[in-house]
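Q: Could you take a close look at one part of this model for me, the strand pairing in the sheet, and then walk me outward from there?

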Amino acid sequence: MSTKSILNLTVNGKAYEKLVEVRMTLADFLRNELDLTGTHLGCEHGVCGACTVIMDGEAVRSCLLLAVQAEGATLETVEGLADGDRLHPLQAAFQDRHALQCGFCTPGFLMTATAFLKENPSPTDAEIREAISGNICRCTGYQPIIEAIGQAAPEAGGKPRE
Amino acid sequence: MKPAPFEYYCPETLDEAVSLLEQHGDDGKVLAGGQSFMPLMSLRLARPSVIVDLNRVSGLDGIAANGDGGLAIGALTRQRALERDAELPARNPLLAAAVPLIGHFQIRNRGTVGGSLVHADPAAELPAVTVALGADFVLTSAGGERVVSAADFYLGYMATAIEANEVLTEIRVPAWKAGRLWAIDEVSRRKGDFAMVGVALWADMDGANCADACITLFGVGGEPVRVEKAEQRLKGAALDDATLKEVERIVSEELEPDSDIHASALYRREVGGVLTRRALRAAAERGTEGNGA
Ligand code: FES
Ligand code: FES
């Protein structure tokens, strides 16, 4: 065993193989090794949610994972949301409802909401509030974010509830 | 805010994992879901030279029925798996109600039951709930297994009975008693934050009177705190206002919490009593409905 390891994983549909330091977090790996700097780092210790990505279908904090723990995993990051110039329904709703100002927290909110709406495609406001309770925004205020997620739900969640 | 260098091992069997721990002694540290331990490493409050990652060890997760009607929960079971288990509310409503109170859903996606129990944050829900439920922990080392009760496992502020060469492998929760009343409640500044004060309790009734009870608080000391004097007061009594008022007073008197930046000791004593009274009231009002009786 050494302090470096070969890592194979898929990010936004693209396969990667890289030699990484075992102490490197998944967030730093995405940003510094893959140049996917859309995943932001606010606190680097699991409090702010800015680094949220989707790993094998589940929203996780990428600052609380070692990159090597993602061996064989399939990841989705904010870069994978838009389809070329066409914004993802959540991104479009964030724009429409003014759910961001500086945008620092936005990737984390978007990935949190993406995973949440897959599981709960027609949420109540209370459920949206609970879902984003682990993400901190320091400038916009949460109300527009809650509205944007509610607005995007029918489209972003895939199959709306009957 | 980056972990210090370490050697990383990712064993696939429990045998491998425990022999690595044996070999590395106090230098080795187990990594499970990482939701408590990764922050400690990033803040350099922990600088282990060897990490033994359990995440690829097979056979350590899942919720199974125990022989006696209780539950055998693999230590690596994600908290989210408990939350999604549709049968858990019937099999153990107190445990099922505790899980959604842990952190946020992104944390529970990754966080494990065993990780939270061994990390032993005094404000965490699962240590208190396992104490209240009379759970047993199976600790495995290269030399074999031993079983320690949750009550004996917690020794003080973030101190537990686990040795450096041991892994918590299974949590055994006794069968839920039919007709048991229960509640869990906590006060935190924001949803998902650690509790400033919390209580997990149950009461078994004999007609209108309480036959047996367990009252365990968290966030009010170095470890989960059982208030036996309040339990005694409940026994043989009806859960009426006068009794609950007195239980509130006893809990407030018995607690010996510390002050910290989150809350003063006085606040915690006061709120501990009030929360206990309210939780008992809620338990009595809910009755046994939907609790698997
Ligand atoms: S950077 Fe990961 S939670 Fe804040
Ligand atoms: S938009 Fe600035 S922190 Fe949320």
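A: Let's begin at Leu71(B), which sits across from Val173(B) of S10(B). Keep in mind that this is a predicted model. The two residues belong to a pairing between strand S5 (residues 71-74) of chain B and strand S10 (residues 167-173) of chain B, an antiparallel match held by four bridges.

Now step back to the sheet around that pair. Five strands of chain B form an open sheet with antiparallel pairing, and their order is S4-S5-S10-S6-S7. At its edges lie strand S4 (63-65) and strand S7 (144-149) of chain B, each of which pairs on one side only. On average, neighbouring strands in this sheet are turned by 25 degrees against each other, with direction ignored. As you follow the strands on your screen, here is a handy rule: side chains in a regular strand alternate between the two faces of the sheet.

Chain A offers a nice hairpin to set beside this. There, strand S3 (residues 52-55) of chain A runs antiparallel to strand S4 (residues 58-61) of chain A, and four bridges join them. Met55(A) has Glu58(A) in S4(A) as its bridge partner. The hairpin of S3(A) and S4(A) has two residues between the strands, and Asp56(A) there takes a positive phi near 45 degrees.

From here we can move on to where the chains meet. The contact draws 33 residues from chain A and 31 residues from chain B. Together, chain B and chain A bury about 2,700 Å², with 55% of that area on carbon and sulfur atoms. There is plenty of polar detail to look at too: 15 residue pairs are in polar contact between chain B and chain A, counting pairs with both residues at pLDDT 80 or more. On chain B, the elements giving two or more residues to the side that touches chain A are strand S1 (7-9), helix H2 (37-42), helix H3 (79-84) and helix H6 (105-110). H6(B) supplies the largest share of that side, with five residues. Sorted by class, the side of chain B that touches chain A holds 14 nonpolar, nine charged and eight polar residues.

Charged side chains also pair up across this interface, where six salt bridges are found between chain B and chain A. One of them to look up is the salt bridge between the side chains of Lys2(B) and Asp28(A), at 2.7 Å from N to O.

Conventions. Residues are numbered from 1 along each chain as its sequence is written. Chains are lettered from A and ligands numbered from 1 in the order in which they are written. This is a predicted model: local features need pLDDT of at least 70, side-chain atom pairs count only at pLDDT 80 or more; totals for chains, interfaces and linings use all residues. Side-chain values use heavy atoms; hydrogens and water are left out. Contact means heavy atoms within 4.5 Å. Buried area is the accessible area (1.4 Å probe) that two parts lose on being put together, summed over both. A salt bridge is a side-chain nitrogen of Lys or Arg within 4 Å of a carboxyl oxygen of Asp or Glu. A polar contact is a pair of N or O atoms within 3.5 Å; within protein, one must be able to donate a hydrogen and the other to accept it, and residues adjacent in sequence count only if both atoms are side-chain atoms. Ala, Val, Leu, Ile, Met, Phe, Trp, Tyr, Cys and Pro count as nonpolar, Asp, Glu, Lys and Arg as charged, and the others, Gly among them, as polar. Two strands pair if DSSP finds at least two bridges between them. Axes are lines fitted to C-alpha atoms, for helices over the stretch in contact, and angles run from 0 to 180 degrees between N-to-C directions.
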